[in-house]
Amino acid sequence: MSGPIIDLRSDTVTLPSREMLAAISSFPLGDSLRDEDPTVNDLQERSASMFNKEEALLLISGTMTNQVAVNSWCRRGSIVIAMESSHIARKESVSVSAISGCSVYPIEEERGLLKTEELRACLENPENLLGGTVGLVTIENSVNAAGGLIYPLVKMREVHEICREFGVPLHIDGSRIFNSLVEEGTDPGDAGDCCDSLTYCLSKGLGAPLGSVLIGSTDFISRAKESRNLLGGGMRQAGVIAACGIYALENNIERLRDDNENARLLGEALRESGKFQLLSDPVQTNMVLFSLIDPVKTGKLQEELDERGVLIDYRRDPVLRAVTNMNHSRVEVEEAGRIISSTSGRLIR
Ligand SMILES: *Cc1c(COP(=O)(O)O)cnc(C)c1O
């Protein structure tokens, strides 16, 4: 290994800053399972009011917020409609079955967004779907598999209106929703108005060490607490996590624009090199999805980039992904762009 390590595998690799860690000691703590941790309560109240909802619940991970949402909305035997490429469909469908006794019905995407005609057809004729009733519809924002695509506010609203017509709740998996909102200039409250529940991650671009927040109505959150307890997800002095979360909300939302901008610059550099095809085109948030024009050589590319200290994410071959994050400045991302673009001729015909 030579040169610096520029780690663009994900924004989950961000480390809590000194200031964030210092914030922990300045917040009061209590037993959050008894709703007595003032810092957890503060984070939850801020989260709910930001997204114009009644209540929120701090949980361990994004996966857990989604699973608790499914468990709170659905009866056993229900169907969860999800975007085909989504985290819920691809990475959590076993959890959906095992925990809630439900099944994921994946719907295709059209240019990264849920095909609304297909959603409507499913809701009109649920008997055609796995023989059950639809308990929940979910969408993702940003759309991870589409390379951090923004799910535009008007499109979320369209999906929500269809769901309302059929009396089915809509859950937004907003693990990276702030990357989208700052870029689109959308108020979180307007996004909250387009769904029945949503979640955002503290541990991705927001830079906290862990934690995700589930948001919805008072009634929904009280059911969510039961589901959380069922999973053993109740925490005690979780204010240590919430303090990082409050710090992140106050300091790290606006700066996501920098990550988005750095991803755009990286995308341009890769395109200009003539060696890569951009799959997230245009780059909208903090991810660049790309592939080698000669895809057979992905393994060699990885060898060389590892050697030169640039870490990226090797998805299903031949898809490559670089995720910008607060660990790396514009200068470092530009350097990564040069290194990736200058991979030696032996890789490229
Ligand atoms: C990361 C991610 C999750 C899961 O979050 P974890 O905290 O890793 O469990 C869920 N959905 C999407 C879209 C994600 O990107």
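1. Lysine 53 is the residue to look at in this predicted model. Lysine 53 is buried, yet it has no salt bridge. The nearest side chain of opposite charge belongs to aspartate 193, 5.3 Å away. A salt bridge needs a side-chain nitrogen of Lys or Arg within 4 Å of a carboxyl oxygen of Asp or Glu, so a distance of 5.3 Å does not count as one.

2. What does the side chain of lysine 53 reach instead? The partner is a backbone oxygen, that of cysteine 195, at 2.8 Å.

3. On location: lysine 53 sits in the loop that runs between α2 (38-50) and β2 (55-59). Setting aside neighbours within four places in sequence, lysine 53 is in contact with Ala48, Gly192, Cys195, Asp196, Ile215 and Gly216. Cys195 thus appears both in this contact list and as the owner of the backbone oxygen at 2.8 Å.

4. Now the ligand. The residues around it are Ser61, Gly62, Thr63, Asn66, His87, Glu140, Asn144, Asp173, Ser175, Arg176 and Lys204. Which helix gives the most to this shell? Helix α3 (residues 62-73) does, with three residues.

5. Check the polar contacts to the ligand. An N or O atom in the side chain of aspartate 173 is 2.6 Å from a ligand nitrogen. Serine 175 places a polar side-chain atom 3.1 Å from a nitrogen atom of the ligand. Arginine 176 has a polar side-chain atom 3.0 Å from a ligand oxygen. Taken alone, the ligand exposes 380 Å², and the protein buries 84% of that.

Terms used:
Residues numbered from 1 in each chain as written. Predicted model: local features only at pLDDT ≥ 70, side-chain atom pairs only at ≥ 80, totals over all residues. Heavy atoms only, no water. Helix = DSSP H or I, 4+ residues; strand = E, 2+ residues; numbered from the N terminus. Buried < 20%, exposed > 50% of the residue type's maximum accessible area, 1.4 Å probe, protein only. Lys, Arg positive; Asp, Glu negative; His and termini not counted. Polar contact = N/O pair within 3.5 Å; in protein donor to acceptor, adjacent residues only side chain to side chain. Contact = heavy atoms within 4.5 Å. Near = heavy atom within 4 Å. Areas by Shrake-Rupley, 256 points an atom, 1.4 Å probe, with all protein chains shown as cover.
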